[in-house]
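User: Please take one part of this model and look at it closely. Then set that part in its surroundings.

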Amino acid sequence: MKEIYLDNNATTKVDEAVFEEMRPYFCELYGNPSSMHFFGGQVQSKVTEARVRVAELLGASPDEIIFTACGTESDNAAIRSALEVFPDRRHIITSRVEHPAVLTQCRNLRQKGYRVTEIGVDGAGRLDLEELKTVIDDDTAIVSLMWANNETGVIFPVEEAAKIAKSKGALFHSDAVQAIGKIPINMAASHIDMLSLSGHKLHAPKGIGVLYLRKGTPFRPLLVGGHQEKSRRAGTENAAAIIALGKACQLAGQHMDAENTVVKGMRDRLQDSLMSAIPHARINGGGAERLPNTTSIAFEFVEGEAILLLLSEFGICASSGSACTSGSLEPSHVLRAMGVPFTCAHGSIRFSLSRYTTDAEIDTVIRELPPIIARLRMMSPFGREHLQGKV
Amino acid sequence: MWDYTPIVKDHFLNPRNVGEIPNADAIGEVGSLACGDALKLYLKLDDNKDKIVDAKFQTFGCASAIASSSALTEMVKGKNLDEALAISNQEIADFLGGLPEEKMHCSVMGQEALEVAIFKYRGIEMPQHDSEHDHGPAYPDYEGEIVCKCFGITDAFLKKVIETNSLTTAEQVTNFTKAGGACGGCIPKIKDLIAQVLGEAAAQTRVRPEKLSNMKKMQLIQEVLERDIRPLLWADGGDLELIDIDGAKVQVAFRKACAGCASSGNTARMVEAKLRDLVAEDIVVEEVSA
């Protein structure tokens with residue numbers, strides 16, 4: 001069965017051009033970029049090229065790019081660094097809808113005695129900037145807010161938030177893992193100090209990330225050892241993956257317009273068709289500015305895992321904010337923070353598209369999903385009474 | 001990926017006995033939309049009102065909830081009420097070729113709906129709970145103190161599930177009942193309940209072998225430590241290591257959270273009591289700092 005892959009916020013296909021770019025750096029050009037000899041030197045020059053390509057996508061300067069192993073490492077490094085830079089500041093601000101890479105770390109730091117404030121969101125998943133203004137103070141070391149939410153695609157006003165953070169002398173970090181490659185970003189005109197990126201979300205392989213660090217921002221490394229990355233991240237460079245990420249960033253820049261027209265068009269058609277075909281459904285974050293590739297739809301009276309398994313029978317790969325698929329039993333912390341009613345929080349499905357998505361694939365989902373929802377509602381003890389035959 | 005057996009998958013994709021029975025003799029309902037799963041079970045009895053001749057279900061929930069309900073309806077057909085009542089959640093899971101542990105609560109829900117249906121039919125009082133949490137208790141027939149506010153689960157229900165499934169960690173209890181799976185605020189209480197049930201169980205069942213060779217005794221001590229004691233300590237972030245066995249003297253060293261813990265003396269007594277119950281009455285546990 002050919003897969004219809006609509007789970008690109010989870011991970012993406014490695015672009016074949018990206019794979020070709022990295023291929024020689026395993027068996028042939030395997031030198032260590034730090035070596036003095038010519039053999040390492042030719043790897044070094046490709047790593048430098050990759051750094052320039054990543055910087056170009058971000059509107060940054062190449063020496064502001066630190067290669068890491070993943071988005072999670074970048075997030076951890078940013079927050080840890082801020083706390084070491086400001087040992088007297090004991091307050092961290094984040095949001096209730098962050099990715100666990102940030103949220104878990106902040107909650108662990110709370111156990112260690114830091115004060116952690118989690119800013120809330122409204123029903124559409126929009127950040128409460130007023131709350132940020134109220135809670136920030138001279139004790140705040142870092143404000144860490146995601147650029148775009150992985151479950152709903154809702155985009156946060158990170159620039160405004162960064163200005164508020166700077167006004168109190170705090171550092172500002174953004175987990176931009178879901179945003180980069182999907183919407184234009186220009187760090188040259190930004191107040192953001194640190195930014196996390198993950199390769200496998202934009203058609204590069206897994207195991208490569210970036211921490212953007214604005215020039216002049218004080219920093220303490222998470223990993224110490226060798227002098228790689230100007231001593232800001234020790235450890236031999238994952239040269240092949242770095243080179244792949246450079247290529248992926250170059251391609252992402254070239255596809256940026258299509259992402260926001262063609263991909264967005266398919267996303268809109270998918271959600272509009274599903275919403276008109278299926279009663280008792282709502283788009284999570286529908287009222288907010290969102291990423292062009294993401295839609296999260298809540299179907300009342302059915303449970304997400306059951307929907308995913310039935311979709312999977314047609315080769316359709318999506319994801320759910322449902323408790324039953326995540327190990328935790330609480331429906332997604334993102335949907336709960338948005339106040340999505342319990343009646344439909346359990347039945348939310350996220351579709352995340354990419355430039356590889358085709359119209360034919362969207363047609364298949366539009367054809368197959370409504371009967372799946374109807375079938376599960378017929379089976380549900382709540383379906384009939386609540387829907388009055390309108391399944 | 002789905003960690004389900006082919007039988008679970010089959011009962012999910014082709015569920016048996018979906019629907020309502022208009023003139024059902026017994027109906028059992030458990031769960032709620034808020035809990036993320038719910039089951040309404042309908043039973044039809046024969047003219048003697050004893051044998052189950054038909055069973056149907058409606059389920060809101062994940063694949064394993066639907067499969068467990070389907071399995072349950074197949075299992076009860078043809079059984080009389082007492083036989084049906086004897087079905088345990090483990091038997092439902094076994095019927096399906098097993099369930100992933102984090103999905104065991106689905107089999108518990110099935111067993112529970114069956115019990116509620118039969119109790120109700122027999123006119124056994126079903127006390128409704130009146131509590132402040134945002135939705136009704138998941139298992140209304142188990143009156144008691146609400147332990148898990150997120151899912152509305154009482155201590156009486158938890159103790160029953162802990163006991164029938166011989167659960168020893170809070171994580172297992174969450175997998176079987178969902179209690180503690182959301183905010184986690186009740187996990188300490190769940191641990192207390194496990195300790196209570198284990199204490200009671202130990203008092204009841206003294207299945208100690210009569211006379212043991214030294215070799216056998218050492219083996220048994222190690223088994224009991226691995227199976228019954230270390231998991232309990234892990235639940236609290238602690239651990240212990242067996243240092244030496246010399247006749248009846250068992251030397252252990254506490255590790256992790258247990259090391260240097262003010263109440264490690266109590267823990268040592270707990271270990272001793274357990275070993276005396278399950279291995280030999282003369283065992284003395286000594287804490288050493290090796």
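Analyst: **One helix and its setting**

Helix H9 of chain B runs from residue 214 to 235. Its 22 residues reach 31 Å from first C-alpha to last, close to the 32 Å expected at 1.5 Å a residue. That expected span is 1.5 Å times one less than the number of residues. Helices here are DSSP runs (H or I, at least four residues), strands likewise (E, at least two), numbered from the N terminus.

This is a predicted model, in which local features need pLDDT of at least 70 and side-chain atom pairs count only at pLDDT 80 or more, while totals for chains, interfaces and linings use all residues. Residues are numbered from 1 along each chain as its sequence is written, chains are lettered from A and ligands numbered from 1 in the order in which they are written.

H9(B) has a kink of about 40 degrees at B:Ile229. The proline B:Pro231 follows shortly after that point. The bend is the angle between axes fitted to the seven residues ending at a residue and the seven starting there.

B:Ile229 is also one of the buried residues of the helix. The others are B:Lys217, B:Ile221, B:Leu225 and B:Leu233. Buried means 20 or more other C-beta atoms within 10 Å, exposed 12 or fewer, partly exposed in between, with C-beta atoms placed from the backbone. Strand E6 (238–246), strand E7 (249–256) and helix H10 (264–278) of chain B are among the elements covering these residues. Just past H9(B), B:Gly237 takes a positive phi of about 80 degrees.

Now the chain around it. Chain B holds ten helices and eight strands. Of its 290 residues, 41% count as buried. Among its contacts with a separation of 6 or more, 54% join residues 24 or more positions apart. A contact needs C-beta atoms, placed from the backbone, within 7 Å.

Two helix pairs in chain B deserve a look. H6(B) (155–164) packs on H7(B) (170–177) at about 105 degrees, axes 10 Å apart. Axes are lines fitted to C-alpha atoms, for helices over the stretch in contact; angles run from 0 to 180 degrees between N-to-C directions. H6(B) and H7(B) are therefore roughly perpendicular (65 to 115 degrees; under 35 is roughly parallel, over 145 roughly antiparallel, the rest oblique). B:Leu158, B:Val161 and B:Ile162 of H6(B) meet B:Val173, B:Phe176 and B:Thr177 of H7(B). Five of these residues are nonpolar, one is polar and none is charged. Nonpolar covers Ala, Val, Leu, Ile, Met, Phe, Trp, Tyr, Cys and Pro; charged covers Asp, Glu, Lys and Arg; the others, Gly among them, are polar.

The loop between H7 and helix H8 (187–204) of chain B contains B:Lys178. B:Lys178 is not a glycine, yet has a positive phi of about 80 degrees. With 28 C-beta neighbours inside 10 Å, B:Lys178 counts as buried.

H1(B) (6–13) and H2(B) (63–76) form the other pair, at about 85 degrees with axes 8 Å apart. They too are roughly perpendicular. On H1(B), the contact residues are B:Val8, B:His11 and B:Phe12. H2(B) answers with six, including B:Ile66 and B:Ser70. By class, the contact has six nonpolar, three polar and no charged residues.

B:Asn17 lies in the loop between H1 and strand E1 (26–32) of chain B. B:Asn17 has a positive phi of about 65 degrees, though not a glycine. It is partly exposed, with 19 other C-beta atoms within 10 Å.

Note on methods
Contact = placed C-beta atoms within 7 Å.
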